[in-house]
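Here are my notes for you, written as a colleague going through the structure point by point. Keep the 3D view open while you read.

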Amino acid sequence: MKVKVDKDICIGCGLCVSLAGAVFRLDDSGKSEVIDEHGADDATIRLAAESCPVHAIFLNDEKTNEQLFPPMEAKK
Ligand code: SF4
């Protein structure tokens with residue numbers, strides 16, 4: 001699974017770091033960044049993405065590049 005954080009959206013709440021500290025960390029500007037997209041199992045990373053209050057975490061399938069989260073239909 002590909003994991004990306006949109007730093008323009010992230011508000012630096014730190015929740016993703018609390019949930020998956022081996023995957024995310026806060027950078028010098030206090031925004032989340034991905035350090036290891038395989039640092040936790042997919043369910044944990046998905047939970048972090050779903051828990052992000054501003055949906056700044058994007059998950060894509062590694063093979064098909066299909067966006068897994070947020071669901072595409074949510075953007076309509
Ligand atoms: Fe940023 Fe979302 Fe992580 Fe909070 S949970 S630090 S807003 S990416």
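1. Let's start with the ligand: in which cavity does the ligand sit? Bear in mind that this is a predicted model. The ligand sits in the largest cavity.

2. Now have a look at who surrounds the ligand. The surrounding residues include a run you can click through one by one: Cys-10, Ile-11, Gly-12, Cys-13, Gly-14, Leu-15 and Cys-16. Ser-32, Cys-52, Pro-53, Val-54 and Ile-57 are also around the ligand. Sort the shell by type and you get 9 nonpolar residues, 3 polar ones and no charged ones.

3. So where do charged side chains turn up? As a bit of background, side chains of opposite charge can pair when their charged atoms come close. The count for this model is 4 salt bridges. One of them is between Lys-7 and Glu-33, with 3.2 Å from N to O. Lys-7 belongs to the loop between β1 (2-5) and α1 (15-19), while Glu-33 is in strand β3 (residues 32-34), so this pair ties together parts that lie 26 residues apart in sequence. Lys-7 itself counts as partly exposed, because its relative accessibility is 30%.

4. Stay on Glu-33 for a moment, as its side chain also meets that of Arg-25 in a salt bridge, at 2.7 Å from N to O. Arg-25 has a relative accessible area of 45%, so it goes down as partly exposed.

5. Next, hop over to helix α2 (residues 42-51), where Glu-50 and Arg-46 are found. These two form a salt bridge, and their closest N and O atoms are 3.2 Å apart. Why are they separated by about one helical turn? Because they are 4 residues apart in that helix. Glu-50 is partly exposed at 40% relative accessible area, and Arg-46 is partly exposed too, at 32%. Going back to the other group, salt bridges that share partners link Lys-7, Arg-25, Asp-27 and Glu-33 into one network.

6. Two more acidic residues are worth a click. Asp-42 is in helix α2 and is partly exposed, with 44% relative accessibility. Along the sequence Asp-42 and Lys-2 are 40 residues apart, yet in space their C-alpha atoms are 9.9 Å apart. Asp-36 is in the loop between β3 and α2, and its relative accessible area of 35% makes it partly exposed. From Asp-36 to Glu-50 you go 14 residues along the chain, and 18 Å separates their C-alpha atoms.

7. Now for the strands. Which way do the side chains of β4 (residues 57-60) point? Ile-57 and Leu-59 point one way, Phe-58 and Asn-60 point the other way, and all of them are buried. Remember Ile-57 from earlier: it is also one of the residues around the ligand.

8. What does β4 pair with? It runs antiparallel to β1, and 4 bridges join the two. Across that pairing, Val-5 stands opposite Ile-57. It also runs antiparallel to strand β5 (residues 67-69), joined by 2 bridges. Here Leu-59 stands opposite Phe-69.

9. Finally, check the turn. β4 and β5 form a hairpin with 6 residues between them. Asn-65 is in that turn and has a positive phi of about 65°.

Notes
Residues are numbered from 1 along each chain as its sequence is written. This is a predicted model: local features need pLDDT of at least 70, side-chain atom pairs count only at pLDDT 80 or more; totals for chains, interfaces and linings use all residues. Side-chain values use heavy atoms; hydrogens and water are left out. A residue is near a molecule or strand if one of its heavy atoms lies within 4 Å of it. On a 1 Å grid over the protein atoms alone, a cavity is a set of points where a 1.4 Å probe fits but cannot get out, and a pocket is an open set with protein on both sides within 12 Å along at least five of seven lines; lining residues have an atom within 4 Å of a point. A molecule sits in a cavity or pocket if more than half of its atoms lie within 2 Å of its grid points. Ala, Val, Leu, Ile, Met, Phe, Trp, Tyr, Cys and Pro count as nonpolar, Asp, Glu, Lys and Arg as charged, and the others, Gly among them, as polar. Buried means under 20% relative accessible area, exposed over 50%, partly exposed in between (1.4 Å probe, protein chains only). Two strands pair if DSSP finds at least two bridges between them.
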